[in-house]
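Student: I would like a close look at a single part of this model, with the setting around it explained as we go. Could you choose one and take me through it slowly?

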Amino acid sequence: MQHYFADPDPDSEPGQKVRAVPGEGTNVPLWILGSSLYGAQLAAVLGLPYAFASHFAPAQMMQAIAVYRERFEPSEQLQEPYVMLGFNICAADTGDEAKYLRSSSLQSFINLRLGTPGQLPPPVEGFESTMTAQEHAMLDQIGSCSAVGAPDVVKRDMTAFIEKTGANELMLVSSIFDHKKRLRSFEIANEAGQAINQRKASR
């Protein structure tokens, strides 16, 4: 793919018959996205930025980050390790509303794990109180890569996650049924991110 997206070089590829149109010459930066140690190893060997799908499969996140950073080899695209992590956001103006809105993503995740995937369901009041012990156990790890609540809680949990992982960037996921509420969730997350960056800059 790197070859196809690079500028054409007739001297090194005489008689080349395959041309990537319209990709040729765009030099699109490549990433490795994974949820296992293999992806981390591959990204390190190739010297590419690494994105880990911790928003739904966080079990090996910390180990994968360590492997990637320890084995990273600089490349033409990237000189130093660069990590992006998936992070779930369910933000609202109040904690109670955020908890209610989050029930959509909880239902969706449980359905996926039980082998019955489908469209994102509408939120259900008090859904967590109806969950079984098995369902709670399935969701425990996901909670470690999530921020659910009002703006102050979201900012606190995003800050803690970034400090714990040293992530260079977060890939935010907000599985909220109502589109306007989802946009509001991203607005709150953006405000938190700006505050975090300003704090870093002032250090």
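Tutor: What follows begins with the whole chain and then turns to one helix and the strand beside it.

The model is predicted, so local features are given only at pLDDT of at least 70 and side-chain atom pairs only at pLDDT 80 or more, while totals for chains, interfaces and linings use all residues. Residues are numbered from 1 along each chain as its sequence is written, and side-chain values use heavy atoms, leaving out hydrogens and water.

The protein chain comes to seven helices and five strands, where helices (H or I, at least four residues) and strands (E, at least two) are DSSP runs numbered from the N terminus. Read along the sequence, these elements follow the pattern α-β-α-β-α-β-α-α-β-α-β-α. Of the 203 residues in the chain, 36% are buried, meaning under 20% relative accessible area, with exposed over 50% and partly exposed in between (1.4 Å probe, protein chains only). Among contacts (heavy atoms within 4.5 Å) between residues at least 6 apart in sequence, 62% join residues at least 24 apart.

Now to helix H4, which covers residues 95-113. Because each residue should add 1.5 Å (taken times one less than the number of residues), its 19 residues should span 27 Å, and the 26 Å between its end C-alpha atoms agrees with that. Even so, H4 has a kink of about 30° centred on Ser103, where the bend is the angle between axes fitted to the seven residues ending at a residue and the seven starting there. Just after H4, Gly115 takes a positive phi of about 80°.

The buried residues of H4 are Ala98, Leu101, Arg102, Ser103, Ser104, Leu106, Gln107, Phe109 and Ile110. As you read that list, remember that an α-helix has 3.6 residues a turn, so residues three or four places apart point the same way. What covers the buried residues of H4 includes strand S3 (83-91), helix H5 (133-143), strand S4 (146-149) and helix H7 (179-202). Gln107 is worth a pause: Gln107 counts as buried because its relative accessibility is 13%. Leaving aside neighbours within four places in sequence, Gln107 is in contact with Pro121, Pro122, Pro123, Val124 and Phe127.

Strand S3, part of that cover, is itself mostly covered, since nine of its nine residues are buried. Val83, Leu85, Phe87, Ile89 and Ala91 point one way from S3, whereas Met84, Gly86, Asn88 and Cys90 point the other way, and all are buried.

S3 also has strand partners (two strands pair if DSSP finds at least two bridges between them). Strand S2 (residues 50-52) runs parallel to S3 and is joined to it by three bridges, with Phe52 opposite its bridge partner Leu85. Strand S5 (residues 169-173) is joined to S3 by five bridges, again in parallel, and there the bridge partner of Phe87 is Leu172. S4 pairs with S3 in the parallel sense over four bridges, where the bridge partner of Cys90 is Val148.

Cys90 brings us to the cysteines: Cys90 is buried because its relative accessible area is 5%, and Cys145 counts as buried because its relative accessibility is 0%. The structure holds zero disulfides, a disulfide being a pair of cysteine sulfur atoms within 2.5 Å.
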